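Thanks for sending this one over. Here are my notes, in the order I would go through them with the model open.

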Amino acid sequence: MKKLIAFALFLGLIAGGLAIADPGPNGSNNHGLCTAYFNGSATGQAHKRNAPPFVGLAREVGNSDGMDNDGDGQTDEGDEMAGPEGIWDWCNDPANNPKGVGGNPDDPNKDGDTNGNSGGHGGGPKK
Ligand SMILES: [Ca+2]
Ligand SMILES: [Ca+2]
Ligand SMILES: [Ca+2]
């Protein structure tokens, strides 16, 4: 219960900062979003990922990752959402999140393929 309350407060902090239209990463909250996304129980993570700030994060990543996330033949066309692996990569890119993912995050790339959408990009970090 304490965790739930803490999480609700945390979400409130995020939402309070950008109550208007487009929740999601805005530069100043990238670290908090990334940290919250990858911490907590599996159930908790699944729940919070439906919350607007995290949906916004998935959209932001999905529409800027150069991949056809929804498999419709167009890339980054505006309605794509990235899965945890893509978001993990984004959150670990210093250009997006210099502080990295805080807490004790679960690396989706090390825990098997949990969402089945990683076909085609399993080659590890590119650079
Ligand atoms: Ca994309
Ligand atoms: Ca697409
Ligand atoms: Ca599409």
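1. One term before we start: two residues are in contact if their C-beta atoms, placed from the backbone, lie within 7 Å. With that in mind, try E60, which sits in helix α4. Leaving aside neighbours within four places in sequence, E60 is in contact with G24 and P25. E60 has 21 other C-beta atoms within 10 Å, so E60 is buried, given that 20 or more is what it takes to count as buried. You can also look across to W90: E60 and W90 are 30 residues apart in sequence, but their C-alpha atoms are 9.7 Å apart in space.

2. Now step back, and keep in mind that this is a predicted model. The average pLDDT of the protein is 83, and 70% of the residues score at least 70. Go carefully with residues 113-124, where the pLDDT is below 50. Beyond near neighbours in sequence, that stretch has 9 contacts in the model.

3. What is the protein built from? The secondary structure comes to 5 helices and 0 strands, which reads along the sequence as α-α-α-α-α. Of the 127 residues, 23% are buried. If you take the contacts between residues at least 6 apart in sequence, 54% of them join residues at least 24 apart.

4. Back to helix α4, residues 52-62. How many of its residues are buried? It is 9 of the 11, so α4 is largely enclosed by the rest of the structure. The buried ones are P53, F54, G56, L57, A58, R59, E60, V61 and G62. Notice that R59 and E60 are on that list too.

5. Helix α5 (residues 84-91) is mostly covered as well, with 6 of its 8 residues buried. Those are P84, G86, I87, W88, W90 and C91. What lies over them? The cover includes α2 (30-37) and α4.

6. Look next at how α4 and α5 meet. Their axes are 10 Å apart and they pack at an angle of about 80°. Angles of 65 to 115 degrees count as roughly perpendicular, and therefore α4 and α5 are roughly perpendicular to each other. On the α4 side, the contact is made by L57, A58, V61 and G62, and on the α5 side by G86, I87 and W90. Sorted by class, that gives 5 nonpolar, 2 polar and no charged residues.

7. The largest nonpolar core has 15 residues, and Y37, L57 and I87 are the ones that touch the most other members. Which elements give two or more residues to this core? They are α2, α4 and α5. For a closer look, pick Y37: not counting residues up to four places away in sequence, Y37 touches R49, F54, L57 and I87.

8. Last, a residue outside the helices just discussed: P105, in the segment after α5. Is P105 buried or partly exposed? P105 has 19 C-beta neighbours inside 10 Å, so it counts as partly exposed; being buried would take 20 or more. Not counting residues up to four places away in sequence, P105 touches F38 and N39. Have a look at G40 as well: P105 and G40 are 65 residues apart along the chain, and their C-alpha atoms are separated by 7.9 Å.

How values were computed
Residues numbered from 1 in each chain as written. Chains lettered and ligands numbered in written order. Predicted model: local features only at pLDDT ≥ 70, side-chain atom pairs only at ≥ 80, totals over all residues. Buried ≥ 20, exposed ≤ 12 C-beta atoms within 10 Å, placed from the backbone. Helix = DSSP H or I, 4+ residues; strand = E, 2+ residues; numbered from the N terminus. pLDDT = per-residue confidence, 0-100. Core = buried A, V, L, I, M, F, W, Y, C linked by C-beta atoms within 7 Å. Axes fitted to C-alpha atoms, helices over the stretch in contact; angles between N-to-C directions. Parallel < 35°, antiparallel > 145°, perpendicular 65-115°, else oblique. Nonpolar A, V, L, I, M, F, W, Y, C, P; charged D, E, K, R; others polar.
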